[in-house]
Amino acid sequence: MKKDVKGSPAGRVVTRFAPSPTGYFHAGSYRTALFSCIYARQHGGSFILRIEDTDKERSKKEYEKNIVDSLEWMGLSYDAFYRQSERTEIYRRYIQRLIDSGHAYVSKEAGGKEGGREEVIRFRNPGRTVAFDDLIRGHIEFDTAELGDFVIAKSMDEPVFHLVVVVDDREMGITHIIRGEDHISNTPRQILIYEALGATPPAYAHIPLLLAADRSKLSKRNGAKPVTAYRDEGYLPEAVVNYMALLGWHPADDREVVPFGDIVKEFSLERVQKSGAIFDEEKLAWFNRQYLQRLDDGAFLAGARPFMPASIAEDAAVRLVPLLREKARCYADAARLLAPGGELGFAAALPAYDPEMLLWKKAPDKAAAAAHLAAVKAALEAVPAAGFSADAVKAAVWPYAEAKGRGDVLWPFRIALTGQERSPDPFASAAVLGKEETMARIRAAIAQLG
RNA sequence: GGCCCUAUCGUCUAACGGUUAGGACGGAGGCUUUUCAAGCCUUAAAUCCGGGUUCGAUUCCCGGUAGGGUCACCA
């Protein structure tokens with residue numbers, strides 16, 4: 001069954017996500033974390049978050065916080081947390097051990113490049129061919145001779161990437177390293193260190209890169225947004241997770257909207273794609289809409305409320321929900337829709353409009369429009385303010401509209417209430433406005449036609 | 001440039017030697033409708049090229065080509 005599980009004595013899977021806090025957390029990093037986490041959960045193992053902050057110049061606390069916040073928002077929990085900057089003693093022990101065994105040495109640096117140290121610690125490269133079987137790509141071989149004696153520490157207290165990765169993965173009992181394809185060429189160096197330590201390397205799975213629109217590696221400077229930007233735009237984390245999980249992987253059938261629990265159950269590294277995938281905002285928006293539609297009105301309102309103008313009263317907000325959910329792709333759309341000039345901006349205040357707009361394009365006649373509005377107004381008088389729902393308004397107006405022509409009656413009605421062509425149907429608009437405001441706007445429209 | 005990885009519609013992908021090369025996003029058209037969306041229906045759109053292997057290649061092999069990654073005292 002779980003034939004690719006190996007490494008830990010108990011057969012227990014341990015994976016990790018090891019970002020360096022040198023930039024905000026974007027979709028590319030997120031998906032790597034996601035696959036690692038899913039794999040661990042699926043096998044009942046554990047998932048470790050390890051902050052690789054050995055580069056003191058470039059690492060920043062705010063970026064670390066952004067990583068932690070992003071993982072939390074997306075619902076990825078980890079079982080342990082480490083910071084490499086707090087593990088210097090451990091690395092020092094390993095460096096000493098490597099030096100003692102002759103696998104590493106203190107190297108006097110000639111030339112002394114600017115900023116460079118006089119002496120650093122280098123790994124004595126045996127110059128062998130190194131091979132490993134990638135869980136996704138199969139057999140990969142490198143000749144390490146050309147790598148030379150690479151640096152593993154700037155000093156006893158300043159270890160560098162290749163060394164700390166190996167030490168930590170070993171100390172933390174990592175069984176499966178699931179990381180980006182950009183690490184393939186780092187793997188042989190790391191395997192060499194494992195061998196020098198007399199240790200067996202874990203299993204490797206190099207997942208394809210997430211690409212920007214120009215097919216280059218997704219990065220801060222070519223269009224990748226911070227994951228928290230999607231949070232701030234009011235995307236549902238479940239939708240974002242679902243979309244990202246399907247970038248490079250998919251279930252055995254045609255389903256696209258797949259609950260996280262099913263993804264965890266069905267995920268398999270064998271089914272992970274080998275080539276990179278472009279991150280498509282359009283499809284993400286589609287996924288978000290799918291998840292939004294599955295919410296009930298209460299849940300939708302709870303999510304959208306923080307994005308709605310504070311001036312909108314609670315009861316008006318409730319009435320606005322059906323209109324919002326047929327238009328919004330994310331909650332931030334609620335703010336845009338409700339803003340002055342937005343499609344639902346009329347709810348807060350009637351925009352000034354040209355009276356000509358009240359005329360139905362197929363029968364532009366002022367007197368007729370005024371007469372229709374007067375008739376609508378009369379019909380609405382009979383509807384009690386307490387029961388001024390879209391259905392009630394429709395019931396009151398519909399027979400007249402049917403008799404006189406829907407467009408002829410409903411178009412002026414629409415414009416009278418909203419002052420804009422792009423707007424919800426007049427029944428829904430009337431319900432949102434309430435009886436008093438609806439009547440006032442109709443009166444104003446009739447006055448404009450006179 | 002060296003080394004490594006990859007290659008099906010514009011995009012995400014299915015087809016693990018035999019299919020009219022399927023689905024989804026996006027596009028186009030239509031229906032519905034009082035507008036715009038949404039929804040429903042229809043439609044255009046792909047196997048990088050060349051050799052093999054085979055009765056038969058999207059699929060296996062080799063070679064090109066293209067793209068990407070990586071070559072730090074960053075991770």
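**Exercise 1.** How many bridges join strand 4 (residues 104-108) to strand 5 (residues 119-123), and do these strands run parallel or antiparallel?

*Solution.* The model examined here is a predicted one. Begin with the pair itself: strand 4 and strand 5 run antiparallel and are joined by five bridges. Within this pairing, Ser-107 has Val-120 of strand 5 as its bridge partner. Next, follow strand 5 to strand 8 (residues 151-155), with which it pairs in the antiparallel sense over two bridges; here Arg-122 stands opposite Val-151 of strand 8.

**Exercise 2.** Determine how strand 10 (residues 176-180) is connected to strand 11 (residues 203-207), and why strand 10 is largely enclosed.

*Solution.* Strand 10 and strand 11 run parallel, joined by five bridges, and Ile-177 stands opposite Tyr-204 of strand 11. Adding helix 5 (residues 187-196) to the two strands gives a right-handed β-α-β unit. As for enclosure, four of the five residues of strand 10 are buried, and therefore the strand is largely enclosed by the rest of the structure.

**Exercise 3.** Identify the residues that touch the most other members of the largest nonpolar core, and trace the contacts of Leu-163.

*Solution.* This core holds 115 residues, of which Leu-34, Ile-95, Leu-163, Val-240, Met-244 and Ala-334 touch the most other members. Its largest share, nine residues, is contributed by helix 1 (residues 27-42), while domain 1 (297-344) and domain 2 (355-449) each supply at least three residues. Turning to Leu-163, and setting aside neighbours within four places in sequence, its contacts are Tyr-91, Tyr-94, Ile-95, Ile-152, Ala-153 and Ile-193.

Notes
Residues numbered from 1 in each chain as written. Chains lettered and ligands numbered in written order. Predicted model: local features only at pLDDT ≥ 70, side-chain atom pairs only at ≥ 80, totals over all residues. Pairing = 2+ DSSP bridges. Buried ≥ 20, exposed ≤ 12 C-beta atoms within 10 Å, placed from the backbone. Right-handed = clockwise from strand over helix to strand, strands pointing away. Core = buried A, V, L, I, M, F, W, Y, C linked by C-beta atoms within 7 Å. Domains from an automatic or database assignment. Contact = placed C-beta atoms within 7 Å.
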